[in-house]
Amino acid sequence: MTQPDFGGNELPAVFPDWSPYQDLESAARAYLRDPDVALEALGGVLRGASVLGFTLERFVNEVNGVWQEVVVCDGSRLILWHGEDVPPEEGPPGALTSSLRVVPVSTVTEVGCRRRLTRTENGRIRVDSIDVYLLLSSLDESGSGEDLPTGPRHDALRFGKTLDDGGAGQIARLEEFARLVASVVGRPVL
């Protein structure tokens, strides 16, 4: 299955698996379309800090083309890089946005992890999807409207993987990332 990109090439809707790579650079180079952009942006913030864990996401969007995300935890911060193709009517072919967000781990108030388990024919239980959320103390910037509840809402970071979207390896790595963040939430920053 492919989606045409804006440069004349075809982009696969299924990307290589990053889960076997334990270091950020190798995983990013295997999985992201624009690893140099992501690694340069992340490196400018990390500045030699240890990467304790990370998760990656990439998909093809019918409106904007490729959407990419990297989330890194260095023990005291979550560093989020997001890259997204600019729609053809909003910029020249090949244009993309590159965004960086740094969230102190001290602002994570809750970590939630929901796994969907299924039983295989031989009776073994397997995880076929995972949804992770990190509730933040900051407020969501979206305003209230007719369809939105009134009053402040806490900001949240959400991540998900399924057997069809990422496979068992990426499910396991996202669960590992959630456990890492949960283990540092509420601890004094050294």
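This is a short walk through the fold of one protein, taken from a predicted model.

Let me start with the overall layout, where the protein shows 3 helices and 9 strands, and where the order of elements from the N terminus reads β-β-α-α-β-β-β-β-β-β-β-α. Of its 190 residues, 36% count as buried, and the exposed area comes to about 11,100 Å², with carbon and sulfur atoms supplying 50% of that area. If we take the contacts between residues at least 6 apart in sequence, 53% of them join residues at least 24 apart.

I would like to turn now to the sheet that contains β3, which is an open sheet of 4 strands, ordered β3-β4-β5-β6 and paired in antiparallel fashion. Its edges are formed by β3, residues 53-61, and by β6, each of which pairs on one side only. On average, and with direction ignored, neighbouring strands here are turned by 10° against each other. Inside this sheet, strand β4, residues 65-73, is joined to β5 by 7 bridges, the two running antiparallel, and within that pairing you will find Val70 standing opposite Trp81 of β5. Two helices pack on this sheet: α1 touches β3 and β4, with a direction that makes about 10° with that of β3, while α2 touches β4, β5 and β6, with a direction that makes about 155° with that of β5.

How, then, do those two helices lie with respect to one another? The axes of α1, residues 24-31, and α2, residues 35-46, come within 9 Å and cross at roughly 150°, and because angles over 145 degrees count as roughly antiparallel, α1 is described as roughly antiparallel to α2. On the α1 side the contact involves Leu24, Glu25, Ala28 and Arg29, which meet Pro35, Asp36, Leu39 and Leu42 of α2. By class, the residues of this contact divide into 5 nonpolar and 3 charged, with no polar ones.

Before leaving this part of the chain, let me point out Val86, which sits in the loop between β5, residues 77-85, and β6, residues 96-104. Is this loop residue buried or exposed? Val86 has a relative accessible area of 15%, and since buried means under 20%, Val86 counts as buried. Val86 and Val66 are 20 residues apart in sequence, and their C-alpha atoms are 9.1 Å apart in space.

The other sheet I want to show is an open one of 3 strands, in the order β7-β8-β9, again with antiparallel pairing. Here β7, residues 108-119, and β9, residues 154-162, stand at the edges, and each has a single partner strand, so that one side of each is left without a neighbour in the sheet. Neighbouring strands are turned by 15° against each other on average, direction ignored. Strand β8, residues 125-139, is connected to β9 by 8 bridges in an antiparallel arrangement, and Leu134 stands opposite Leu157 in β9. Helix α3 packs on this sheet and touches β7, β8 and β9, its direction making about 35° with that of β8.

I will finish with one residue of that helix, namely Arg173, found in α3, residues 167-184. Despite its charged side chain, Arg173 is buried, with a relative accessible area of 6%. Which residues does Arg173 touch, leaving aside those up to four places away in sequence? They are Trp18, Ser19, Pro20, Tyr21, Gln22 and Phe54.

Methods:
Residues are numbered from 1 along each chain as its sequence is written. This is a predicted model: local features need pLDDT of at least 70, side-chain atom pairs count only at pLDDT 80 or more; totals for chains, interfaces and linings use all residues. Side-chain values use heavy atoms; hydrogens and water are left out. Buried means under 20% relative accessible area, exposed over 50%, partly exposed in between (1.4 Å probe, protein chains only). Contact means heavy atoms within 4.5 Å. Accessible areas come from the Shrake-Rupley method with a 1.4 Å probe; for residues, only the protein chains shown count as cover. Two strands pair if DSSP finds at least two bridges between them. Axes are lines fitted to C-alpha atoms, for helices over the stretch in contact, and angles run from 0 to 180 degrees between N-to-C directions. Angles under 35 degrees count as roughly parallel, over 145 as roughly antiparallel, 65 to 115 as roughly perpendicular and the rest as oblique.
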